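Below are my notes on the model you sent. They are set out as numbered points, to be read beside the coordinates.

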Amino acid sequence: MANGMVRQEYIVELASRLIRINSENPPGREFDAASFVADELAKIGMKTVIDRFEDSRANVVGVYGEENQHPSIMLNTHLDTVPAGDREKWSFPPFSGEVRESRIYGRGAVDAKGILASFLGALKELADKGWPIKGRVVLAAVADEEVEGKGTKKLVSSSLRTDYAIVGEPTSLNVCIAHKGRAVIQVDFHGRPAHASTPSRGRNAIYYASKFIEKIQKIKFTEKHNLLGHPTCTVTLIRGGVKDNIIPDICAVTLDLRILPSMKLNQTLKKLKNLIEKNTSKKDYHIRIVNYIPPAETSRSNALVRAALNTVTKVTGKKTEVRGFTATCDMSFLVNQARIPTIILGPGRIEDSHVVDESISVSELVKASQIYLKILEKILS
Ligand SMILES: [Zn+2]
């Protein structure tokens with residue numbers, strides 16, 4: 001038990017100190033947090049590299065073991081947080097890392113500085129035991145997960161590869177093996193301007209857009225995934241018109257499209273084009289992909305998935321089964337670019353992230369740390 005208390009103090013202290021280092025994104029300034037993590041990794045005996053880019057952005061990677069040693073596993077989470085927003089609304093200052101009634105408060109407590117502290121707690125314990133493992137363990141704390149994923153993209157463009165990866169995101173300690181892909185699609189509708197007193201002389205781009213928007217609300221996808229359910233497509237932004245007495249010749253509609261691992265983005269785009277072309281001729285609209293993060297999935301029978309399920313069941317005392325992760329995350333780059341079988345697993349609830357008074361329970365952080373430690377011992381035995 002004494003050991004457990006030491007670990008708890010270490011994790012709470014680290015989570016609190018990480019929260020006190022402001023790494024809001026935007027604007028994105030992870031360098032100070034990366035330096036802090038690098039010092040901790042060096043203290044426990046990991047080889048540490050800070051990869052600094054764009055002035056104040058940075059990833060930090062710690063490695064224990066030699067380059068070609070197998071099996072190997074990467075613990076991956078992020079250093080950046082979403083902005084704190086209006087600080088007046090917080091019960092405690094968002095960068096205080098306040099601990100009250102067994103919860104740690106502050107921006108990033110859930111997403112994902114508490115998780116990073118749990119990762120470090122597991123590694124510290126492994127180090128204290130004298131690294132009783134074979135193979136290689138890597139910790140990667142990356143920049144820019146909350147905006148474009150520049151950090152993990154940079155990480156996978158390097159030669160760093162492992163046999164397995166765990167992405168630390170709040171999953172309430174569930175083992176998630178799949179997430180949807182997310183595409184941001186913009187459709188520009190073109191009309192013809194005219195004086196608003198004679199609408200019949202123009203062609204109203206907002207009307208074209210509104211017909212399309214009505215169709216989008218009724219769009220049905222037959223595809224279904226056993227963990228992720230159906231794809232979704234929804235309008236999130238609209239911008240049209242130039243002046244209150246001109247028939248608008250342009251209207252831009254932005255869609256948030258979430259597709260399943262079995263789907264191809266191009267096929268879904270074709271479906272959208274068909275919907276549009278029921279009301280609008282080809283030359284009167286233009287469709288483009290603004291951003292795309294592909295879906296990802298790891299096989300239920302992968303050794304990491306089985307080890308994680310067993311461990312979570314043992315530590316929490318509750319029988320657990322694989323789940324889907326509701327949002328997109330850095331798993332996409334690890335699976336699609338680096339071809340690393342990956343799971344998402346972390347303490348805290350996703351509903352408690354990105355909110356005012358973000359907070360996480362200390363006992364859940366400690367449990368997560370135990371789970372990570374046992375998975376590492378199992379996979380690297
Ligand atoms: Zn996150």
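The points below take the metal site, the backbone, two loop residues, the pocket and the cysteines in turn.

1. Basis. This is a predicted model, in which local features need pLDDT of at least 70 and side-chain atom pairs count only at pLDDT 80 or more, while totals for chains, interfaces and linings use all residues. Residues are numbered from 1 along each chain as its sequence is written, and side-chain values use heavy atoms, with hydrogens and water left out.

2. Zinc donors. The zinc ion has as protein donors His78 (NE2), Asp111 (OD), Glu169 (OE) and Glu169 (OE), at 1.8 to 2.5 Å. Donors here are N, O and S atoms within 2.8 Å of the metal (3.2 Å for Na, K and Ca); water is not among the atoms, so sites may look incomplete. The sequence spacing of the donor residues is H-x32-D-x57-E. Histidine 78 in strand β3 (residues 72-78) and aspartate 111 in helix α3 (residues 109-128) are 33 residues apart, a pair that links distant parts of the chain. Helices (H or I, at least four residues) and strands (E, at least two) are DSSP runs, numbered from the N terminus.

3. Zinc geometry. The arrangement is irregular because the 4 donor atoms subtend angles of 54 to 137° around the zinc ion. Four donors count as tetrahedral if all angles lie between 85 and 135 degrees; four count as square planar and six as octahedral if opposite donors are over 155 degrees apart and all others between 65 and 115; anything else is irregular. For reference, ideal angles at a metal are 109.5 degrees for four tetrahedral donors.

4. Burial around the site. Histidine 78 is buried at a relative accessible area of 1%, and aspartate 111 is buried at 5%. Buried means under 20% relative accessible area, exposed over 50%, and partly exposed in between (1.4 Å probe, protein chains only). In α3, 18 of the 20 residues are buried, so this helix is largely enclosed by the rest of the structure.

5. Cis peptides. Aspartate 111, one of the zinc donors, is joined to alanine 112 by a cis peptide bond with omega of about 5°; alanine 112 lies in helix α3. A second cis bond joins proline 26 and proline 27, with omega of about 10°. Proline 27 is in the loop between α1 (2-20) and α2 (31-43). As background, most peptide bonds are trans, and most residues other than glycine have a negative phi.

6. Positive phi. Aspartate 55, not a glycine, has a positive phi of about 70°. It sits in the loop between β1 and β2 and is exposed, with a relative accessible area of 61%. Serine 172, also not a glycine, has a positive phi of about 55°; it is in the loop between β7 (164-167) and β8 (176-179) and is partly exposed at 33%. Glycine 130, just after α3, has a positive phi of about 85°.

7. Two buried loop residues. Threonine 81, in the loop between β3 and β4 (99-100), is buried at 0% relative accessibility. Not counting residues up to four places away in sequence, threonine 81 touches residues including Asn25, Asp111 and Glu146; contact means heavy atoms within 4.5 Å. Asparagine 25 lies in the loop between α1 and α2 and is buried at 4%. With the same sequence exclusion, the contacts of asparagine 25 include Arg57, Asp80, Thr81 and Glu146.

8. Largest pocket. The largest pocket holds about 440 Å³ of space. Its lining has 17 residues, of which Val61, Val63, Ser158, Ser159 and Leu160 lie nearest the centre. At least two lining residues come from each of β1 (47-53), β2 (57-64) and α4 (150-157). On a 1 Å grid over the protein atoms alone, a pocket is an open set of points where a 1.4 Å probe fits, with protein on both sides within 12 Å along at least five of seven lines; lining residues have an atom within 4 Å of a point. Grid points are joined across faces, edges and corners, and the volume is the space filled by probe spheres set on the points.

9. Cysteines. The whole structure has 0 disulfides, a disulfide being a pair of cysteine sulfur atoms within 2.5 Å. For cysteine 251, the nearest cysteine sulfur is that of cysteine 233, 15 Å away. For cysteine 329, it is that of cysteine 176, 8.7 Å away. Cysteine 251 is buried at 1% relative accessibility, and cysteine 329 is buried at 4%.
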